Amino acid sequence: MLIKKNDGTTVTASSGEDVDGWQVGKIGRDRVSLIMNGEHVEAVLGFANKPPPGNTPQSTQPSPPISPQQTEAQPQTPGPSS
């Protein structure tokens, strides 16, 4: 897995390795467990924006702009006759 360290660098770590005092525990498809001083933390990776396998994503193209509605012509009031 890739981990961003406190100094801003990114490193690759495997289960059992230590990074900034945290030991990498079990690495799953969408989560990883980290251990520090007996404290166990599970980080869940957010894949909610991805569609389930087999589904085709909807278009990410913006919708075309909607043209302003045309107003109906108002009847004109007849003017004085000449």
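Here are four short exercises with worked solutions on this predicted model.

**Exercise 1. The overall layout**

Task: Work out how many helices and strands the chain has, and what share of its residues is buried.

Solution:
- Step 1. Start with the secondary structure: there are zero helices and six strands. Followed along the sequence, the pattern reads β-β-β-β-β-β.
- Step 2. Turn to burial. The chain has 82 residues, and 10% of them count as buried.
- Step 3. Look at the surface: about 7700 Å² is exposed, with carbon and sulfur atoms supplying 51% of that area.
- Step 4. Finish with the contacts at a separation of 6 or more. Residues 24 or more positions apart account for 3% of these.

**Exercise 2. Assembling the sheet**

Task: Find the order of the strands in the four-stranded sheet, and decide which strands lie at its edges.

Solution:
- Step 1. Pair S3 with S4. These two strands run antiparallel and are joined by two bridges. Asp 18, for instance, has Gln 23 in S4 as its bridge partner.
- Step 2. Pair S4 with S5. This pair is also antiparallel, with three bridges, and Val 24 has Leu 34 in S5 as its bridge partner. The connection is a hairpin through three residues.
- Step 3. Put the pairs together. The result is an open sheet in the order S3-S4-S5-S6, with antiparallel pairing. S3 and S6 are the edge strands, as each pairs on one side only.

**Exercise 3. Two residues with positive phi**

Task: Compare the settings of Asp 20 and Asn 37: where does each sit, and is each one exposed or partly exposed?

Solution:
- Step 1. Recall the background: most residues other than glycine have a negative phi.
- Step 2. Take Asp 20. Its phi is near 50°, a positive value in a residue that is not glycine. Asp 20 lies in the loop between strand S3 (18-19) and strand S4 (22-27). S3 and S4 form a hairpin with two residues between them, and Asp 20 is in that turn.
- Step 3. Take Asn 37. Here too phi is positive, at about 50°, in a residue other than glycine. The loop that holds Asn 37 runs between strand S5 (31-36) and strand S6 (39-44).
- Step 4. Check accessibility. Asp 20 counts as partly exposed because its relative accessibility is 33%, whereas Asn 37 counts as exposed because its value is 80%.

**Exercise 4. The core and a buried serine**

Task: List the residues of the largest nonpolar core, then describe the surroundings of Ser 33.

Solution:
- Step 1. Collect the core members. The largest nonpolar core has six residues: Ile 3, Ala 13, Val 19, Val 24, Val 32 and Leu 34. In soluble globular proteins, nonpolar side chains tend to be buried together.
- Step 2. Follow one member outward. Setting aside neighbours within four places in sequence, Val 19 is in contact with Ile 3, Lys 5, Val 11 and Ala 13.
- Step 3. Move to Ser 33, which lies in strand S5. Ser 33 counts as buried because its relative accessible area is 18%, and the cut-off for buried is under 20%.
- Step 4. Look for the polar partner of Ser 33. Its side chain reaches the backbone nitrogen of Lys 26 at 2.8 Å.
- Step 5. Complete the surroundings. Beyond neighbours within four places in sequence, Ser 33 is in contact with Gln 23, Val 24, Gly 25, Lys 26, Val 41 and Glu 42.

Definitions and conventions:
Residues are numbered from 1 along each chain as its sequence is written. This is a predicted model: local features need pLDDT of at least 70, side-chain atom pairs count only at pLDDT 80 or more; totals for chains, interfaces and linings use all residues. Side-chain values use heavy atoms; hydrogens and water are left out. Buried means under 20% relative accessible area, exposed over 50%, partly exposed in between (1.4 Å probe, protein chains only). Contact means heavy atoms within 4.5 Å. Accessible areas come from the Shrake-Rupley method with a 1.4 Å probe; for residues, only the protein chains shown count as cover. Two strands pair if DSSP finds at least two bridges between them. A nonpolar core is a set of buried Ala, Val, Leu, Ile, Met, Phe, Trp, Tyr and Cys residues joined through side-chain atoms within 4.5 Å. A polar contact is a pair of N or O atoms within 3.5 Å; within protein, one must be able to donate a hydrogen and the other to accept it, and residues adjacent in sequence count only if both atoms are side-chain atoms.
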